[in-house]
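Please look over the sequence and the structure shown here before reading the notes that come after.

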Amino acid sequence: MITLTDIAYVRSGVADLDTATRFATEIVGLELASPTEIGVAHLRADHRHHCLALVEGPSGVISSGFSVADSDALAAAETELERSGIAVRRGSAAAARSRRVREFIAFDDPFGNRLALVSQQETVARPVSFTRPAGITEFGHLCLDAPDVHEAYRFWSTRFNARVSDWIGDSACLLRIDPVHHKLAVFRADEPGLCHVNFQVASIDDVFRSWHFLVEHGVEIEMGPGRHPQSTAIFLYFLGPEGFTYEYSFGVRRIEDDAGWIPRTFDPREPGSIDMWLGPVRRVCSQAQLKPETIAGRAS
Ligand SMILES: [Fe+2]
């Protein structure tokens, strides 16, 4: 069993780095870390050096990273994955540097989502210099796509410490690796990809202030403001460049009684199962996973 201690980052390929970076900073509000690499923009939301790296090149998700405790845990994970027939690749020193981790391994889930396990992701001590006061408190969760969420659940729950918090029928599986209701979710889609990344904000006022801000700036609101009955979070989904969906949310449920929590199943066709406030509901845009051959040809 591999213990994930946290989510670490998302690495996303963008054809137009300037536009994607401007959106991540001026619209989403993230801090742009001082550039250290040509063609890579590191975006910061909390103590992590970055939680989003935009990499100039073909458009699409490069990888989604998760932390493990230390080098020993990483080596044990590598052995365990290889033993179960999963092809694992060790990241080079230069690639680890670009990710601001000491070491990492990369592999694919059964659907073709590229995952990374990292050890010693860099923490930055100074407060985040947000580009815009969106009220972001942390990188909240990431959501992957898979054609079968039950199969995805088996992958995450048998190899990793992920536990299901709730199901949305056959459409989504919401998973926790700590008391937060979900730090990982898998949504049903034909192809692998990244459904969205979430940033927690400090208050309901931040969600609504951002809603007006986004509308004023011509950003496409995909869903919300609304409230998810599963996590109780008040949400707002909006579309960034190159099919990348961002979410702000406030008030996510914490499951402190881990053993006592019984996952529930919500029928997505039932009114209120996605948005308790009964707003219009739609499947948000996903960014497709880049194919391995495309990733292999890139710097880091
Ligand atoms: Fe979400």
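The report below takes up the metal site, the aromatic rings, a surface patch and one strand residue.

## Basis of the report

The structure is a predicted model, and every value in the sections that follow was computed from it.

## The iron site

Three side chains coordinate the iron ion, namely His141 through NE2, His196 through NE2 and Glu247 through OE, at distances of 2.1 to 2.2 Å. Read along the chain, these donors of the iron ion follow the spacing H-x54-H-x50-E. His196 belongs to strand 13 (residues 193-201) and Glu247 to strand 16 (residues 245-250), so that this pair, 51 residues apart, links distant parts of the chain. His196 and Glu247 are both buried.

## Aromatic pairs and a cluster

Over the whole structure, a search finds 16 aromatic pairs. One of them is formed by Phe208 and Trp277, whose ring centres are 6.4 Å apart and whose planes make an angle of 40 degrees, a geometry that counts as tilted, because the angle falls neither under 30 degrees, as stacking would need, nor over 60, as an edge-to-face pair would need. Phe208 sits in helix 5 (residues 204-216), whereas Trp277 lies in the loop between strand 17 (264-266) and strand 18 (287-288), and the pair thus links parts of the chain that are 69 residues apart. Phe208 counts as partly exposed, since its relative accessibility is 29%, which lies between the limits of 20% for buried and 50% for exposed.

Elsewhere in the model, one aromatic cluster is formed by Phe23, Phe139, Phe199, Phe238, Phe244, Tyr246 and Tyr248. A contact of another kind involves Arg132, which lies over the face of Phe213 at 3.8 Å from the ring centre.

## A nonpolar surface patch

Trp277 also takes part in a nonpolar surface patch of about 270 Å², which it makes together with Ile204 and Met276. Two of these residues can be described further: Trp277 is partly exposed, with a relative accessible area of 38%, and Ile204 is likewise partly exposed, with a relative accessible area of 34%. Because a patch residue needs over 30% relative accessible area, the values of 38% for Trp277 and 34% for Ile204 satisfy that condition. Ile204 is found in helix 5, the helix that also holds Phe208.

## A buried serine in strand 5

Is Ser63 buried or exposed? Ser63, placed in strand 5 (residues 60-68), is buried, because its relative accessible area is 4%, under the 20% limit. The C-alpha atoms of Ser63 and Asp46 are separated by 20 Å, the two residues being 17 residues apart along the chain.

Conventions. Residues numbered from 1 in each chain as written. Predicted model: local features only at pLDDT ≥ 70, side-chain atom pairs only at ≥ 80, totals over all residues. Heavy atoms only, no water. Phe/Tyr/Trp six-rings, centres within 6.5 Å; stacked < 30°, edge-to-face > 60°. Helix = DSSP H or I, 4+ residues; strand = E, 2+ residues; numbered from the N terminus. Buried < 20%, exposed > 50% of the residue type's maximum accessible area, 1.4 Å probe, protein only. Lys NZ or Arg CZ within 6 Å of the ring centre and 35° of its normal. Patch = residues over 30% accessible without salt bridge, like charges linked within 9 Å, V, L, I, M, F, W, Y side chains within 5 Å. Areas by Shrake-Rupley, 256 points an atom, 1.4 Å probe, with all protein chains shown as cover. Salt bridge = Lys/Arg side-chain N within 4 Å of Asp/Glu carboxyl O. Donors = N, O, S within 2.8 Å, 3.2 Å for Na, K, Ca; no water.
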